[in-house]
Structure formats: C-alpha cells, structure tokens
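Grab a coffee and work through a few short exercises on this structure. Each one comes with a worked solution.

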Amino acid sequence: MTHVFNTQPPGRVLVSAEGIGKSFPSTDGGGLRVLDGVNLTIREGEVVALLGRSGSGKSTLLRVLAGLIPPSHGDVRYRGVPLAEANPAVAMVFQSFALMPWLTVLENVELGLRASGVARAERTSRALAAIDAIGLDGFEAAYPRELSGGMAQRVGFARAFVQRPDLLLMDEPFSALDVLTGENLRGELMAVWGERELAGQSICIVTHSIEEAVQLADRVLVLGGSPGTIQAEIPIHIPRPRDKRSPTFEAAVDHLYALLTGRPPGSDGVSGQPPGPLTHPLPEATSGGLAGLIEIVVAHGGQTDLPDLADELSFDIDDLLPLVDAARMLGLLSVDGAQSFITDAGYAWHLAGIQESKTSFADLAVTRAPLVRTIVRALENSDTGALRADFFRDLLRRGFAEADAERQLTLAIDWGRYGELFDFDADTDEIVLSEVATGLSALLDPDSEESGS
Ligand SMILES: Nc1ncnc2c1ncn2[C@@H]1O[C@H](COP(=O)(O)OP(=O)(O)OP(=O)(O)O)[C@@H](O)[C@H]1O
C-alpha cells in the first residue's frame, strides 16, 4: 500500500453547526442538558478530533452532526443546506463495530450500497476494492464471529469507505481494540485516507485519547463542561506521518492534557462555582484507586508529569484523569498544567497507619466532597441516623442521567465506607451514619463548605 499523505489545505465548509444544544428527558420529568451553544465547522479534506472526557457529550454531538438525532437548539448545515434527516453523504464507524452477525464480510460491506440501490455488479466490485484497501483480502466469505476485533473493525471501515462518503464520522473506533491493534489500524486508516480514492474526504473522530487526537487530527476541538461546550480549538501543525516521540508532538499532548485537567499552568485552585453534589460530582475513583495513585506519585518523588504517568501505566485519559480529579478534590494532589504534585495532606495520608488514614480521609471527604458532606449532613438530621438510599437517588436524578446518578451514589458509599462515615445496608437499601461521623459534626459548619473544590 502506498502511503501518500493528504497535504491539501482544507477546502470549503462541508458541515457547520451553530448554537447546538441538546437535552434528553430525565427520569424526574425535567430535561438533562448535554450540549449547549456548540459551534463548529468541518471543512473539505480535514481531520477534526472531538476530544473530551466520558459523558462530555461527544457521541451526542457526532450523532447530531450526522443528522441521526435532531438538536434541541441550533442547526446543522451540510454544504450550506439545513440538515433535516440522516445525511446520506456521511458514513459512520462505531466503537462496537456494529456488524450483522448473519452476513459475511462481503455482504456486510455491500449492505449500505444495496440499501441505496446500487446495481449488484457495481456493489460487489466496490466492496471488494474497499475490502482489499483495508487489508481484508481473503476474508470476504468469513462471518463476523470468525474475526478478531481488529479484523471486525476493518470491516467497519470498509463498510464506511465503500459508500465514498464526503465525511467519515467515527465514534471511538479504536477504543475496543488492544493497544497494538489500535495503533496499526490507525496508521492504515490514515494511509487509506491519504490515498483519497476510497476514504471520506473529511474525517471527524470522537476520542478520549489525547495521543490519538494529536496523531490523527488537523484540529482538535476540546469538549467539556456540563452541559458540554467547545472549550478550546487547537490546530495541530505537525507534518504526517507523525512521530509520537518528537518534541512538537509531546508539546501538543501536554497542552491538551492541561486543557482537559482544566488547569492551565499557574492556575491550580478552587473553582468559582459554590460546591454542591450536582455541580461538583464525585470523580470516578474508588478509595483504593486513590491510594494507588498517591503511592505512585510518592514513588516518583512527589511530582509527576501526567502524560508520562499515563504512558507508563498504559492508561488512557479516562483511566487517569478521574483519579487525579478525585485526588485534587480531596486536596491530596495539586495540578499545574500537565504536572501533578503531592500536597502535605497527600503525604500525611500516605504515611499514616490504617486507622489514622481512614480518619484523615473522612475529614477530607466531609469537608471537600460535596455529595459525601450532603449525605452525612442529611443522616445527622434524621432521627435514626439512617435514610433510604432513594432519598439521595432522587436528589441526584435532578442533575444526572439514571446510570450516572447510581454511579455517584456508589462512589459516595465507597468513600463514606472507607472513611467509616456511614455504611450501606443492601437488604434495607438504607445508608446508616457511623459513630465516627457523629464526631465530625464540627466540620459540617456551613463556612467549611468553601474548602471543597
Ligand atoms: N438517548 C439518551 N437519553 C438520555 N440521556 C442520554 C442519551 N444519550 C446520551 N445521554 C446522556 O448524555 C450524556 C453525554 O453522553 P455522550 O454519550 O454523548 O457522552 P460522551 O462524551 O460520548 O461519553 P463516552 O465517552 O462515555 O461515550 C451522558 O450523561 C449520557 O448518559
């Protein structure tokens, strides 16, 4: 396969989205706002990455751009014309491959062409060419169950290429694959795209991997906040093929890391919003995970570069950042740009014996983790020191989708149990205050809320 890389400057606007907002109905009957005021354009011939953490609305935005779901506000235009339904000039590649198990590779690839009425001879020759281009030659008669994940995703790509789309939309296409397979397939995708014969003219890829975004994109749009907005647009002017070890590549990765941790260099501190369980959710980190992170940072001399650490641990951003966020929420780590530093409280927690470390964790959780504080306060105000978990579920459903609300409660219970603040009785579905927590009531002084961030 010849590796001719696309070096054309971006052309005319292909897709534009203006003022996009999207809400979903929430379980309490209100609306869950997922996107707000999103503006973006995708031009002919460019690769755009939508980078953001889990839940930032990336997949939702991609589906809106494809015309698969309507926005609640704003509009999407394709070559200047408002999009009212699924855009036929767009092809999609999904993380889950989404192949038809009862069809062969060739039939799966032909499927879209058959639906759009392409004659048999043409669809077979186009499908065979696409299969060949993505390295699946010889597997035409195989069924999806006979293929490895990497091969199955090649079918996903072939099925998209064969449509000769103007725009290829990809939703985390490599994240279900092992690291090496993902790396290979990324390289091959870019080679096929460079040839321009089969691939889409433009690519928009959703990813939560910073390295993947820098590897592939001409522009990275950083999605974040709640509801999600585009928080930064970073052009990547690194010639292709890109060398991950080059200083320019590393500098771009560090810059995006700093943006995603939400702390540009020199600005670690408390956020402006008053902390509450709905505005300051608990990051996805268990007490055990936190202890592991602090241990590793101490082993690095108390300071570490986050992208290097992620690399070392073979973590991607979704694995590492919630841990870092949780450690920062509890004041165990501070973050400046892409550097993290252990704090005095972090050292103290690390060095403490088992009981002492539980007590200091309890102090930090009650003063700095809004949901834990809310639970302790509510339990203290109940006659029996116990409340049905549904009481807190109802509160959380006002700000989160069902699964996220449950996740928040599970995390709070893990943190509360570790600090011996409260316990959860699965039989009665009750959260019960512990004696330790009763002794912490002084920390629940309203003034102490300001210390949470
Ligand atoms: N059809 C839906 N109904 C209700 N809520 C939804 C729906 N689709 C998405 N959401 C919610 O919207 C939020 C954003 O989801 P989305 O999948 O767009 O985020 P994401 O950034 O792609 O996350 P991930 O990387 O985890 O896939 C989540 O809280 C999700 O639960």
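**Exercise 1: a helix pair**

Helices H11 and H12 cross in a left-handed way; keep in mind that the model is predicted.

Task: work out which residues make the contact between H11 and H12, and how their axes run.

Solution. Start with the residues: H11 brings Ala 345, Ala 348 and Trp 349, while H12 brings Ser 357, Ser 360, Phe 361 and Leu 364. Sort them by class and you get 5 nonpolar, 2 polar and no charged residues. Next, the axes: those of H11 (residues 344-351) and H12 (residues 354-368) come within 8 Å and cross at roughly 150 degrees. Angles over 145 degrees count as roughly antiparallel, so that is how H11 and H12 run relative to each other.

**Exercise 2: around the ligand**

Task: find which residues come nearest to the ligand and which element gives the most to the shell around it.

Solution. Of the 14 residues around the ligand, the nearest are Phe 24, Ser 54, Lys 58, Ser 59 and Thr 60. Two elements, strand E2 (31-43) and helix H1 (58-66), each give two or more residues to this shell. H1 gives the most, with 3 residues. By class, the shell has 4 nonpolar, 8 polar and 2 charged residues.

**Exercise 3: two domains**

Task: describe how domain 1 and domain 2 touch.

Solution. The domain assignment gives domain 1 (13-260) and domain 2 (267-453). Their C-alpha centres lie 35 Å apart. At the contact, 16 residues of domain 1 meet 14 residues of domain 2. On the domain 1 side, helix H7 (residues 247-260) gives the most, with 5 residues. That side divides into 7 nonpolar, 6 polar and 3 charged residues.

Notes
Residues are numbered from 1 along each chain as its sequence is written. This is a predicted model: local features need pLDDT of at least 70, side-chain atom pairs count only at pLDDT 80 or more; totals for chains, interfaces and linings use all residues. A residue is near a molecule or strand if its C-beta atom, placed from the backbone, lies within 6 Å of it. Helices (H or I, at least four residues) and strands (E, at least two) are DSSP runs, numbered from the N terminus. Ala, Val, Leu, Ile, Met, Phe, Trp, Tyr, Cys and Pro count as nonpolar, Asp, Glu, Lys and Arg as charged, and the others, Gly among them, as polar. Axes are lines fitted to C-alpha atoms, for helices over the stretch in contact, and angles run from 0 to 180 degrees between N-to-C directions. Angles under 35 degrees count as roughly parallel, over 145 as roughly antiparallel, 65 to 115 as roughly perpendicular and the rest as oblique. A crossing is left-handed if the near helix is turned anticlockwise from the far one by less than a right angle, and right-handed if clockwise. Two residues are in contact if their C-beta atoms, placed from the backbone, lie within 7 Å. Domain bounds come from an automatic or database domain assignment.
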